[in-house]
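Welcome, and please have your viewer ready for a short walk. We will move from selection to selection and see what each one shows.

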Amino acid sequence: MKVIVTSVGSLSGTFVVKRLKELGYYVIGTNSEKLSSLDGHLECDEFFIVPHSKSILTYKNAILNLVNVSKASKIIPLTDPEVWILSEISSQLRILGCQYTGPTREALCSVMDKQKLAERAELITNKTFKTIPTYQIGRAHV
C-alpha cells in the first residue's frame, strides 16, 4: 500500500517514515525543501519537493496532483497547517482513492473554540466543564 507522508523533514518525520517502512508500507515523502542526509526522506521509497503550505492553493494542487499520479491510498500530514489544508480537500482526496488520515474540518474547528469544545465534552460525558474567561476588547466574555 502506498502512503504519502507530508513534511518528512519535520521532527516526527524520521520516526513516522521508519515505522511505516517496518510495517511494510511503500512511503512517498514530501517536504517543502531539499533535506539533508540525516533526515527521514532517505528511508522513503520516493521523495518529492512540494510548495510550502503557506502557498495554500499551490500546495493543494501539488498534493492533489501527487495523489493522482502516485495512486497513493493514504495521506498522513505531519504539521498543523497541512492538517488544516488537507482536511479542507479530504473529499477531493477521497474521489482520487486516497484516505486523508487526519481530523475532520468540523473536529478541528470544534477544538479551536474553547466554548464549543466544553459544550461537546459535556454532551459526551454528562459532566460540566468550566472554561477560562475569554476577553474581547476589554470585556469578559464567558
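**Starting in the core**

Select Ile63 to begin: leaving aside residues up to four places away in sequence, Ile63 touches Val50, Ile75, Leu86 and Leu93, where contact means heavy atoms within 4.5 Å. Before going on, note that this is a predicted model, in which local features need pLDDT of at least 70 and side-chain atom pairs count only at pLDDT 80 or more, while totals for chains, interfaces and linings use all residues. Residues are numbered from 1 along each chain as its sequence is written, and side-chain values use heavy atoms, with hydrogens and water left out.

Now add Ile4, Ile75, Leu86 and Leu93 to Ile63: these have the most contacts inside the largest nonpolar core, which has 18 residues. Such a core is a set of buried Ala, Val, Leu, Ile, Met, Phe, Trp, Tyr and Cys residues joined through side-chain atoms within 4.5 Å. Buried means under 20% relative accessible area, exposed over 50%, and partly exposed in between (1.4 Å probe, protein chains only).

Next, colour helix 2 (56–70) and helix 3 (80–88), each of which supplies at least two residues of this core. Helix 2 gives the most, with five residues. Helices are DSSP runs of H or I with at least four residues, strands are runs of E with at least two, and both are numbered from the N terminus.

Then pick Val3, Val17, Leu20 and Leu35, which are among the eight residues of a second, separate core.

**On to helix 1**

Select residues 13–22, where Gly13, Thr14, Val17 and Leu20 are buried. These buried residues pack against strand 1 (2–5), strand 2 (26–31) and strand 4 (74–76). On the other side, Phe15 and Glu22 are exposed.
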